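Good morning, and thank you for the time. I shall present one protein chain, beginning with its overall layout and ending with a few individual residues.

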Amino acid sequence: MSRLRRHVPALLLLGLALASLMLALRTESVSGPEQASLAGNYFFRDARMTLAGEDGRAALVVTSGSAVRSLTGTALKLEPVSIRRSGPQAWELAADSAEVPGENADIVAQGGLRMTFGPAGDWAATARRATIPPDGTSITLTGDVHVHKPEGGAGGSAIFGEHIILEPRGMTARTDQPVRLRVGDFEFEANGLDAQIGEQVIKLESDVRSIGNP
């Protein structure tokens with residue numbers, strides 16, 4: 001009995017050490033990684049993705065019939081796709097397909113591209129391709145771009161070009177490339193444009209020429 005009493009402190013220390021080790025192993029296995037990473041080769045149907053702006057709030061909501069990423073590719077491919085930005089001067093865009101190359105990368109949408117924007121969604125735009133930053137503050141439209149207010153508003157105003165940058169929040173459109181402008185029955189061509197389209201204030205940059213008037 002005296003021998004057992006002498007070994008009791010040592011047995012208690014050993015038991016505490018084993019309990020601490022088991023607790024540490026159990027904690028490590030439960031906690032796991034903080035983030036999950038999908039490296040590739042996956043497919044989603046009826047996908048929905050929310051992109052946050054610099055303030056951490058939701059900036060863009062992207063919905064798609066399918067989202068695919070293969071092991072051999074780096075971009076997330078969406079088709080068809082709808083992209084919506086909420087908040088001041090919200091806008092909405094739909095296209096046949098889009099690609100998201102990676103984290104914090106621009107979204108590139110193309111095919112059957114159509115967009116609405118403005119305080120009441122009363123302005124429209126079509127193009128072959130749109131490049132959109134993650135915060136959705138601007139949209140670069142390229143290829144057969146047509147920005148207009150549907151018939152019955154703003155005297156039939158419309159902008160045509162191959163490269164136009166829209167900023168829906170400020171209701172601005174700009175380009176440094178050839179552009180055609182129609183206001184009512186008047187039409188002009190120029191190299192470059194800077195427009196406050198919400199206020200119908202439009203500045204044509206250079207080589208301005210009239211191509212139609214009553």
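Before anything else, one term is required: two residues are said to be in contact when heavy atoms of theirs lie within 4.5 Å. Please also keep in mind that the model on the screen is a predicted one.

With that term in hand, consider Arg209. Arg209 belongs to strand S12, which covers residues 201–212. Setting aside neighbours up to four places away in sequence, Arg209 is in contact with Glu187, Phe188, Glu189 and Ala190. The C-alpha atoms of Arg209 and Glu187 are 8.7 Å apart, while 22 residues separate the two in sequence. Is Arg209 buried, exposed or partly exposed? Its relative accessible area is 39%, and Arg209 is therefore partly exposed, since that class lies between 20% and 50%.

Let us now turn to the chain as a whole. It contains 1 helix and 12 strands. Along the sequence, the helix is followed by the strands, in the pattern α-β-β-β-β-β-β-β-β-β-β-β-β. The chain has 214 residues, of which 32% are buried. The surface it exposes is about 13,300 Å², and 53% of that comes from carbon and sulfur atoms. Among the contacts with a separation of 6 or more, 34% are between residues 24 or more positions apart.

Next, the interior. In soluble globular proteins, nonpolar side chains tend to be buried together. In this chain, the largest nonpolar core has 39 residues. Which residues have the most contacts inside that core? They are Leu93, Phe117 and Leu141. Let us take Phe117 as an illustration. Beyond four places in sequence, the residues that Phe117 touches include Ala90, Trp91, Trp123, Val147, Leu166, Met171 and Ile197.

One of those residues, Met171, leads us to the strand pairings. Strand S9 and strand S10, the latter made of residues 172–183, run antiparallel and are joined by 7 bridges. Within this pairing, Ile165 stands opposite Arg174 in S10. The two strands form a hairpin with 4 residues between them, and Met171 lies in that loop between S9 and S10. The phi angle of Met171 is near 50°, a positive value in a residue that is not glycine. With a relative accessible area of 7%, Met171 is buried, because the limit for that class is 20%.

Strand S10 also has a partner in strand S11, residues 186–196. This pairing is again antiparallel, extending over 10 bridges. Here Thr175 stands opposite Leu193 in S11. How many residues lie between the strands in the hairpin of S10 and S11? There are 2, and Gly184 in this hairpin takes a positive phi near 65°.

A positive phi also occurs at Asp144, where the angle is about 50° although the residue is not a glycine. Asp144 is located in strand S8. A relative accessible area of 42% makes Asp144 partly exposed. Apart from close sequence neighbours within four places, the contacts of Asp144 are Thr126, Ala127, Arg128, Gly161 and Glu162. Asp144 and Arg129 are 15 residues apart in sequence, with 9.0 Å from C-alpha to C-alpha.

Now compare the setting of Ser157. Where in the chain is Ser157 placed? Ser157 is in the loop between strand S8, which covers 139–148, and strand S9, which covers 158–167. Its relative accessibility is 3%, and Ser157 therefore counts as buried. Leaving out neighbours within four places in sequence, the residues in contact with Ser157 are Trp123, Val147, His148, Lys149, Arg182, Val183 and Gln200.

Two further points concern particular geometries. First, the peptide bond that joins Glu79 and Pro80 is cis, with omega about -25°. Pro80 is found in strand S3, residues 76–85. Second, there are the aromatic rings. The charged end of Arg180 sits over the ring of Phe160, at 4.2 Å from the centre of that ring. As for rings that pair with one another, a search of the whole structure finds 1 aromatic pair.

To close, I return to the overall picture: a chain with 1 helix and 12 strands, whose largest nonpolar core has 39 residues. Thank you for your attention.

Note on methods. Residues numbered from 1 in each chain as written. Predicted model: local features only at pLDDT ≥ 70, side-chain atom pairs only at ≥ 80, totals over all residues. Heavy atoms only, no water. Phe/Tyr/Trp six-rings, centres within 6.5 Å; stacked < 30°, edge-to-face > 60°. Lys NZ or Arg CZ within 6 Å of the ring centre and 35° of its normal. Buried < 20%, exposed > 50% of the residue type's maximum accessible area, 1.4 Å probe, protein only. Areas by Shrake-Rupley, 256 points an atom, 1.4 Å probe, with all protein chains shown as cover. Core = buried A, V, L, I, M, F, W, Y, C linked by side-chain atoms within 4.5 Å. Pairing = 2+ DSSP bridges.
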